[in-house]
Amino acid sequence: DVLNEEGNKMAFLRDVCLVIGLQLKQRSFKFDEPIDLKDEKISYAVLPFQFDDIVNFVETVKHLGPQSNDAKLLFEEGKKFYNLRRFENAFEAFTKSIQIQNQIYGPLNKHSAHCYNKIANMHYRFGDFVQAINYQYYALLIYEKVAGLDHFL
């Protein structure tokens, strides 16, 4: 279970707060105590945060960003070639997908990080560990910038 670790619970709380527009006080929250949601007389004191911890509600704007079907199709094609062990074709498809995604989304996006992760996997399988580490490091940097240090991505 992803939420078993304390850091993942904090990352999950941060994601929920970002989605609903909730700002909380900065403090250490405790997620240890189990809560029986079937109990009709549940006490608010057992919840991880209280009403006093809420600083503000902010407006969240939902929008669809630019999307590229070509980049998505190239990534799926690269995965298909990867599973068929046609690594040269997979590398070419992932590289083209990264180029398109960088033009549309910019260099820091999770889709490019997924491609870099797959390319690192291919270099690892070929035994080119230096290149594998470089690509994996780059994917990790993007994941940290996009999702945060303690995100479970």
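**Exercise 1. Work out how α2 and α4 are oriented relative to each other.**

Step 1. Start with the description: two packed helices are described by the angle between their axes and the distance between the axes. Axes here are lines fitted to C-alpha atoms, for helices over the stretch in contact, and angles run from 0 to 180 degrees between N-to-C directions. Helices (H or I, at least four residues) and strands (E, at least two) are DSSP runs, numbered from the N terminus.

Step 2. Get the numbers: the axes of α2 and α4 are 11 Å apart, and the angle is about 20°.

Step 3. Classify. Angles under 35 degrees count as roughly parallel, over 145 as roughly antiparallel, 65 to 115 as roughly perpendicular and the rest as oblique. So α2 and α4 are roughly parallel to each other.

Step 4. Add the handedness: α2 passes α4 in a left-handed crossing (the near helix is turned anticlockwise from the far one by less than a right angle; clockwise would be right-handed).

Step 5. List who meets whom, with contact meaning heavy atoms within 4.5 Å. From α2 come Phe75, Lys79 and Tyr82, and they meet His114, Cys115, Lys118, Asn121, Met122 and Arg125 in α4.

A word on the model before you go on: it is predicted, so local features need pLDDT of at least 70 and side-chain atom pairs count only at pLDDT 80 or more, while totals for chains, interfaces and linings use all residues. Residues are numbered from 1 along each chain as its sequence is written, and side-chain values use heavy atoms, with hydrogens and water left out.

**Exercise 2. Do the same for α2 with α3, then for α4 with α5.**

Step 1. The α2 and α3 axes come within 8 Å and cross at roughly 160°, so these two helices are roughly antiparallel. Their crossing is left-handed.

Step 2. On the α2 side the contacts include Leu74, Phe75 and Phe81, and on the α3 side they include Phe87, Phe94 and Ile100.

Step 3. For α4 and α5, the axes lie 8 Å apart at an angle of about 160°. That makes α4 and α5 roughly antiparallel, therefore, and α4 passes α5 in a left-handed crossing.

Step 4. Among the α4 residues that meet α5 are Tyr116, Ile119 and His123; among their α5 counterparts are Phe129, Tyr135 and Ile142.

**Exercise 3. Describe α4 from end to end.**

Step 1. Check the length. α4 covers residues 110-126, 17 residues in all, and reaches 25 Å from its first C-alpha to its last, close to the 24 Å expected at 1.5 Å a residue (the expected span is 1.5 Å times one less than the number of residues).

Step 2. Look at the ends. At the N-terminal end, asparagine 109 caps α4, with a side-chain oxygen 3.1 Å from the backbone nitrogen of histidine 111. After α4 comes glycine 127, whose phi is positive, near 90°.

Step 3. Find the buried face. Buried means under 20% relative accessible area, exposed over 50%, partly exposed in between (1.4 Å probe, protein chains only). Ser112, Ala113, Cys115, Tyr116, Ile119, Ala120, Met122 and His123 are buried in α4, and the buried residues of α4 pack against α2 (69-83), α3 (87-104) and α5 (129-147).

Step 4. Zoom in on histidine 123, which counts as buried at 13% relative accessibility. Leaving out residues up to four places away in sequence, histidine 123 touches Phe91, Asp128, Gln131, Ala132 and Tyr135.

**Exercise 4. Is arginine 85 buried or exposed, and where does it sit?**

Step 1. Arginine 85 lies in the loop between α2 and α3.

Step 2. Its relative accessibility is 53%, so arginine 85 counts as exposed.

Step 3. Note the backbone too: phi of arginine 85 is near 65°, a positive value in a residue other than glycine.

**Exercise 5. Place cysteine 17 and isoleucine 54 in the fold.**

Step 1. Lay out the chain: it has five helices and two strands, running α-β-β-α-α-α-α from the N terminus.

Step 2. Cysteine 17 belongs to helix α1 (residues 6-20) and is buried, at 11% relative accessibility. Not counting residues up to four places away in sequence, cysteine 17 touches Leu22 and Leu24.

Step 3. Isoleucine 54 is in strand β2 (residues 54-57) and is partly exposed, at 26%. With the same sequence neighbours left out, isoleucine 54 touches Leu22, Gln23 and Leu24.

Key. Polar contact = N/O pair within 3.5 Å; in protein donor to acceptor, adjacent residues only side chain to side chain.
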